[in-house]
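Let's take a walk through this structure together. Have a look at the picture first, and then we can go through it piece by piece.

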Amino acid sequence: MITRFMTEVNAKFNPFSMSSRATRLFLSSLPPNARSTGMQINTTLLPRASTSPASLQIKFKDGKEMNLDGEKLGIKGIIEEVDRHSRALQKQADLTE
């Protein structure tokens, strides 16, 4: 997963709910040095009895914001969407160099 172009990740989920599994897996797939490279990661843990859906919001260096639903997409779908935009930004960066 290309994380170089992400500037902010906001996640809100119930850690005990199966429907927020994709959000948890996405957060665990971020590299350990993500915060030190300038990415802002905000997590909000919902209480166990909460019925609010999990949400994942990602902001990129070009200003694009993605609101992804982990319950519908799954972890593969989330990574696919993020990589699709990151590859486009990578192409732009390679062309300008």
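A good place to start is where two helices meet. In this predicted model, the axes of helix 1 (residues 21-29) and helix 2 (residues 70-96) come within 7 Å and cross at roughly 25°. Why those two numbers? Two packed helices are described by the angle between their axes and the distance between the axes. An angle under 35 degrees counts as roughly parallel, and therefore helix 1 and helix 2 are roughly parallel to each other. The crossing of helix 1 and helix 2 also has a hand: it is right-handed.

Which residues make this contact? From helix 1 come Ala22, Leu25 and Phe26, while helix 2 brings Gly70, Gly74, Ile75, Ile78 and Val82. Sorted by character, the residues of the contact of helix 1 with helix 2 are 6 nonpolar and 2 polar, with no charged ones.

Now turn to the strands. You will find an open sheet of 4 strands, arranged in the order 2-1-3-4 with mixed pairing. Strand 2 (40-45) and strand 4 (65-68) are its edge strands, each pairing on one side only. On average, neighbouring strands of this sheet are turned by 10° against each other, direction ignored.

Let's look at one pair in detail. Strand 1 (residues 6-13) runs beside strand 2 in the parallel sense, and the two pair over 6 bridges. For example, Val9 has Ile41 in strand 2 as its bridge partner.

How do the helices sit against the strands? Helix 1 lies across strand 1, strand 2 and strand 3 (55-60), and it runs at about 145° to strand 1. Helix 2 packs on the sheet too, touching strand 1, strand 3 and strand 4, and its direction makes about 165° with that of strand 4.

Finally, step back to see the whole chain. It holds 2 helices and 4 strands, and reading along the sequence gives the pattern β-α-β-β-β-α. The radius of gyration of the chain is 14 Å, close to the 13 Å that the globule rule gives for 97 residues, so the chain is as compact as a globular protein of that length. Taken along the principal axes, its C-alpha atoms fill a box of roughly 50 × 25 × 20 Å.

Methods
Residues are numbered from 1 along each chain as its sequence is written. This is a predicted model: local features need pLDDT of at least 70, side-chain atom pairs count only at pLDDT 80 or more; totals for chains, interfaces and linings use all residues. Side-chain values use heavy atoms; hydrogens and water are left out. Axes are lines fitted to C-alpha atoms, for helices over the stretch in contact, and angles run from 0 to 180 degrees between N-to-C directions. Angles under 35 degrees count as roughly parallel, over 145 as roughly antiparallel, 65 to 115 as roughly perpendicular and the rest as oblique. A crossing is left-handed if the near helix is turned anticlockwise from the far one by less than a right angle, and right-handed if clockwise. Contact means heavy atoms within 4.5 Å. Ala, Val, Leu, Ile, Met, Phe, Trp, Tyr, Cys and Pro count as nonpolar, Asp, Glu, Lys and Arg as charged, and the others, Gly among them, as polar. Two strands pair if DSSP finds at least two bridges between them. The radius of gyration is taken over C-alpha atoms; the globule rule is 2.2 Å times the number of residues to the power 0.38.
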